[in-house]
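Visitor: I would like to go through this model by question and answer, starting with its aromatic residues. Please give the reasoning before each result.

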Amino acid sequence: MNTPVKAQGSASPKYKIRGSAKSFGIPGFPNAEYTEDHLNGEHGEMIVRALKKKNAAAFAKLVEEVK
Amino acid sequence: MACSYTATRAVLTACGATKSGLDEQKSWNINRSDATFGAISASTGISATATFGSALLPFAFDARGFSMTDTMSTDANTGAQTHKPVISGRLIGLNGVNRADSEKFKGVNIVNITLTKGNKFIVNGRTAGLTLDTQEIGSGSENLGHLLTLSTTEQSPESEPYFELLITDYATTLAALIDAETP
């Protein structure tokens, strides 16, 4: 299995998983596990958009947006 | 150790058997002219990129009768080998919404992306496109609703079989498709 590519040259990560979990699943995305590499990687903005679109409330509980 | 599939057919021992069947809740359609896929690897059968010029239309069928087949045939005269994928799905119930949804397939040439229960995104219709081939509407308990079959026409078969779409990994591909859905 491929692993998500971290964004090249990006500064600090924009998204952090709350608590100590390394990954999370979310309703509406069966069998999918998302890591901080997913959220801050090459396709991060697209993934975040999809997660918020499908389940914004759950996303906000699971992920912290770093200002 | 978590089960994960390699890019080829070999699986890790922790995986067990691959589940058969399709996920009837995860099927998307788009006009063929609006979908562009990256080159398909000759060794893995995977395309790693997709661009959609319009929104993907998500379509949830009933679990009963949702299936896909692909029949390859060889033209006796020319020797050309072509494929005829057939996707069958049932919209349970007779009602206005099912009528409206089934009408959406008429007169369009589409690409279908469907998730298997083995977490693979299977794409059909890339080269010629699928159209609404047959629609059987019934009121009996055994055939209640609309049974649709999407397939190629005799004049315009697919020149290749299905392929797998995998953008980085399963989770990223799923997010990409949901992001591209109609709002």
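**Aromatic pairs, cores and a cavity**

Guide: In this predicted model, B:Phe59 counts as buried, with a relative accessibility of 4%. B:Phe61 is buried as well, at 5%.

Visitor: How are the planes of the B:Phe59 and B:Phe61 rings arranged: stacked, tilted or edge-to-face?
Guide: The ring centres of B:Phe59 and B:Phe61 are 5.2 Å apart, and the planes meet at 40 degrees. Planes under 30 degrees apart would count as stacked and over 60 as edge-to-face. The angle falls in neither range, so the pair is tilted.

Visitor: Which residues are linked with B:Phe59 and B:Phe61 into a cluster by ring pairs?
Guide: The cluster is held together by ring pairs and contains B:Phe59 and B:Phe61. Its other members are B:Phe66 and B:Phe105.

Visitor: How many aromatic pairs are there over all chains?
Guide: The search covers the whole structure. The count is 10.

Visitor: What is the ring geometry of A:Phe24 and A:Tyr34, and how many residues apart in sequence are the parts that the pair ties together?
Guide: The ring centres of A:Phe24 and A:Tyr34 are 6.1 Å apart and the planes are at 40 degrees, so this pair is tilted. A:Phe24 belongs to strand E2 (residues 23-24) of chain A and A:Tyr34 to strand E3 (residues 34-35) of chain A. The pair therefore ties together parts whose separation in sequence is 10 residues.

Visitor: Are A:Phe24 and A:Tyr34 buried or exposed?
Guide: Buried requires a relative accessible area under 20%. A:Phe24 has 3% and A:Tyr34 has 0%. A:Phe24 is therefore buried, and A:Tyr34 is likewise buried.

Visitor: Which residues touch the most other members of the largest nonpolar core?
Guide: This core has 37 residues. Helix H2 (44-62) of chain A and helix H2 (170-179) of chain B are among the elements that give two or more residues to the core. The residues touching the most other members are A:Phe29, A:Tyr34, A:Leu39, A:Leu51, B:Phe121 and B:Leu174.

Visitor: Which residues of chain B are in contact with A:Phe29?
Guide: Neighbours within four places in sequence are left aside. Within chain A, the contacts of A:Phe29 are A:Tyr34, A:Ala50, A:Leu51 and A:Lys54. In chain B they are B:Leu174, B:Ala175 and B:Ile178.

Visitor: Where is B:Leu132 found, and is it buried or exposed?
Guide: B:Leu132 is one of the 12 residues of another core, apart from the largest, that also includes B:Phe61, B:Phe105 and B:Leu130. Its contacts, not counting residues up to four places away in sequence, include B:Phe105, B:Leu148 and B:Leu150. B:Leu132 is located in strand E10 (residues 131-138) of chain B. At 17% relative accessibility, B:Leu132 is buried.

Visitor: How far apart in space are B:Leu132 and B:Gly107, C-alpha to C-alpha?
Guide: In sequence, 25 residues separate B:Leu132 and B:Gly107. In space, the C-alpha to C-alpha distance is 7.8 Å.

Visitor: What classes of residue make up the lining of the second largest cavity?
Guide: There are 2 cavities of 30 Å³ or more, and the second largest has a volume of about 30 Å³. Its lining consists of B:Leu22, B:Met68, B:Ile87, B:Asn112, B:Thr114, B:Ile122 and B:Asn124. E8 and E9 of chain B are the elements that give two or more residues to this lining. By class, the lining has 4 nonpolar, 3 polar and no charged residues.

Conventions:
Residues are numbered from 1 along each chain as its sequence is written. Chains are lettered from A and ligands numbered from 1 in the order in which they are written. This is a predicted model: local features need pLDDT of at least 70, side-chain atom pairs count only at pLDDT 80 or more; totals for chains, interfaces and linings use all residues. Side-chain values use heavy atoms; hydrogens and water are left out. Rings of Phe, Tyr and Trp (its six-membered ring) pair if their centres lie within 6.5 Å; planes under 30 degrees apart count as stacked, over 60 as edge-to-face and the rest as tilted. Helices (H or I, at least four residues) and strands (E, at least two) are DSSP runs, numbered from the N terminus. Buried means under 20% relative accessible area, exposed over 50%, partly exposed in between (1.4 Å probe, protein chains only). A nonpolar core is a set of buried Ala, Val, Leu, Ile, Met, Phe, Trp, Tyr and Cys residues joined through side-chain atoms within 4.5 Å. Contact means heavy atoms within 4.5 Å. On a 1 Å grid over the protein atoms alone, a cavity is a set of points where a 1.4 Å probe fits but cannot get out, and a pocket is an open set with protein on both sides within 12 Å along at least five of seven lines; lining residues have an atom within 4 Å of a point. Grid points are joined across faces, edges and corners, and a volume is the space filled by probe spheres set on the points. Ala, Val, Leu, Ile, Met, Phe, Trp, Tyr, Cys and Pro count as nonpolar, Asp, Glu, Lys and Arg as charged, and the others, Gly among them, as polar.
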